[in-house]
Amino acid sequence: MNSIDHNRIIATAARSVLAPLGCRQQGRSRTWLDDHGWWVAVVEFRPSRWSKGSGLSVGACWLWHEQDHLSFDYSIAVHGSKTSPFQEFDGTRRFEAVATSLAQSARLQVIELRHRLQSVADASAVLEAELDSLSPIWSDYHAGVAAGLIGNVAHAAAHFRKIEKARHDVSWVHELKGRTAELARLLSDREQFRREIESVIARTRERLELPKLAGSAMAEV
């Protein structure tokens, strides 16, 4: 019987490469988080239902939409791909090199995300430049929130209007329309808009079991 635990190999590689950056493991899962208050970098050593091994997905999860799950809202390409293909565990210690390579790729992407997303203004610029990276509705929601936070009311309102005009007849779209309508009404008062988004972030962090913040989630916009 094979006594080599591939999950332990992955955890060891992640701990040696990502922990020094300040990333933390989510429980005992294969997910590691780099927490920035209003967004979190998510590193998933992606499992498979059919075989042992790991792929890799890395992305930023915006916390200004209340949800109880992590999402890959914004990702960057490394070596031409946003995800690393699944690497099958061969049953030997040779998998240690695979796990280390995946962890090092994750490290590079986390560092790049930190560089690109140092402020909400940075996030707004990224979202405006890459509106096609998500479904149009979510692209407009995230871009609208970021624009509202930095006081770009015209851009925020335009994004929220696009959501209002969406024709998808499904419950989550109707819920999002109602939410963005509420946010749109707050755009004229930047501080009130910001306080509302801060409360959303706090609730999202609680639902995701992220540490409670001592101060503002966005010390600097």
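Glu 209 lies in the segment after helix 7, and in this predicted model its backbone has a positive phi of about 60 degrees although the residue is not a glycine. Most residues other than glycine have a negative phi. The side of the chain at Glu 209 is open to the surroundings, since the residue is exposed, with a relative accessible area of 71%.

**Helix 7 and its contacts**

Helix 7, which covers residues 190-207, holds two residues that differ in their burial. Glu 191 lies in this helix and is partly exposed, with a relative accessible area of 46%. Thr 204 also lies in helix 7, but at 1% relative accessibility it counts as buried. When residues up to four places away in sequence are not counted, Thr 204 touches Leu 63, His 65, Glu 66 and Gln 67.

**Overall architecture**

The secondary structure of the protein comes to 7 helices and 5 strands, and read along the sequence these elements follow the pattern α-β-β-β-β-β-α-α-α-α-α-α. The radius of gyration is 19 Å, close to the 17 Å that the globule rule gives for 221 residues, so the protein is as compact as a globular protein of that length. Along its principal axes the C-alpha trace spans about 65 × 40 × 30 Å.

Buried residues make up 45% of the 221 residues. The protein exposes about 11,700 Å², and carbon and sulfur atoms supply 50% of that area. Among contacts between residues at least 6 apart in sequence, 62% join residues at least 24 apart. As for charge, the mean positions of the 28 positive and 27 negative charges are 3 Å apart.

**Aromatic pairs around Trp 38**

A pair of aromatic rings is described by the distance of the centres and the angle of the planes. With ring centres required to lie within 6.5 Å of each other, the count comes to 7 aromatic pairs in this protein. One of them joins Trp 38 and Trp 62, which are stacked at 6.1 Å centre to centre with 5 degrees between the planes. Trp 38 lies in the loop between strand 2 (31-35) and strand 3 (39-44), while Trp 62 is in strand 4 (residues 53-62), so the pair ties together parts that are 24 residues apart in sequence. Trp 38 counts as buried at 5% relative accessibility, and Trp 62 counts as buried at 0% relative accessibility.

Trp 38 also forms a stacked pair with Trp 64, at 5.6 Å centre to centre and with 15 degrees between the planes. Here Trp 38, in the loop between strand 2 and strand 3, meets Trp 64 in the loop between strand 4 and strand 5 (83-88), so the pair ties together parts that are 26 residues apart in sequence. Both Trp 38 and Trp 64 are buried. Taken further, ring pairs link Trp 38, Trp 39, Trp 62, Trp 64 and Tyr 74 into a cluster.

**Helix 1 and helix 6**

Ile 10 has its place in helix 1 (residues 6-18), and at 4% relative accessibility this residue counts as buried. Leaving aside neighbours within four places in sequence, Ile 10 is in contact with Arg 30, Phe 45, Gly 53, Ser 54, Phe 95 and Ala 99. Among these partners, Gly 53 belongs to the range of strand 4, which runs over residues 53-62.

Gly 178, by contrast of setting, is found in helix 6 (residues 171-186), where at 33% relative accessibility it counts as partly exposed.

**Separations along the chain and in space**

The table sets the separation along the chain beside the C-alpha to C-alpha distance for three pairs of residues that include Glu 191, Gly 178 and Ile 10.

| Residue pair | Separation in sequence | C-alpha to C-alpha distance |
|---|---|---|
| Glu 191 and Arg 93 | 98 residues | 55 Å |
| Gly 178 and Ser 16 | 162 residues | 45 Å |
| Ile 10 and Arg 93 | 83 residues | 11 Å |

Arg 93 appears in two of these rows: its C-alpha atom is 55 Å from that of the partly exposed Glu 191 in helix 7, and 11 Å from that of the buried Ile 10 in helix 1.

Terms used
Residues are numbered from 1 along each chain as its sequence is written. This is a predicted model: local features need pLDDT of at least 70, side-chain atom pairs count only at pLDDT 80 or more; totals for chains, interfaces and linings use all residues. Side-chain values use heavy atoms; hydrogens and water are left out. Helices (H or I, at least four residues) and strands (E, at least two) are DSSP runs, numbered from the N terminus. The radius of gyration is taken over C-alpha atoms; the globule rule is 2.2 Å times the number of residues to the power 0.38. Buried means under 20% relative accessible area, exposed over 50%, partly exposed in between (1.4 Å probe, protein chains only). Contact means heavy atoms within 4.5 Å. Accessible areas come from the Shrake-Rupley method with a 1.4 Å probe; for residues, only the protein chains shown count as cover. Lys and Arg count as positive and Asp and Glu as negative; His and the chain ends are not counted. The place of a charge is taken as NZ of Lys, CZ of Arg, CG of Asp or CD of Glu. Rings of Phe, Tyr and Trp (its six-membered ring) pair if their centres lie within 6.5 Å; planes under 30 degrees apart count as stacked, over 60 as edge-to-face and the rest as tilted.
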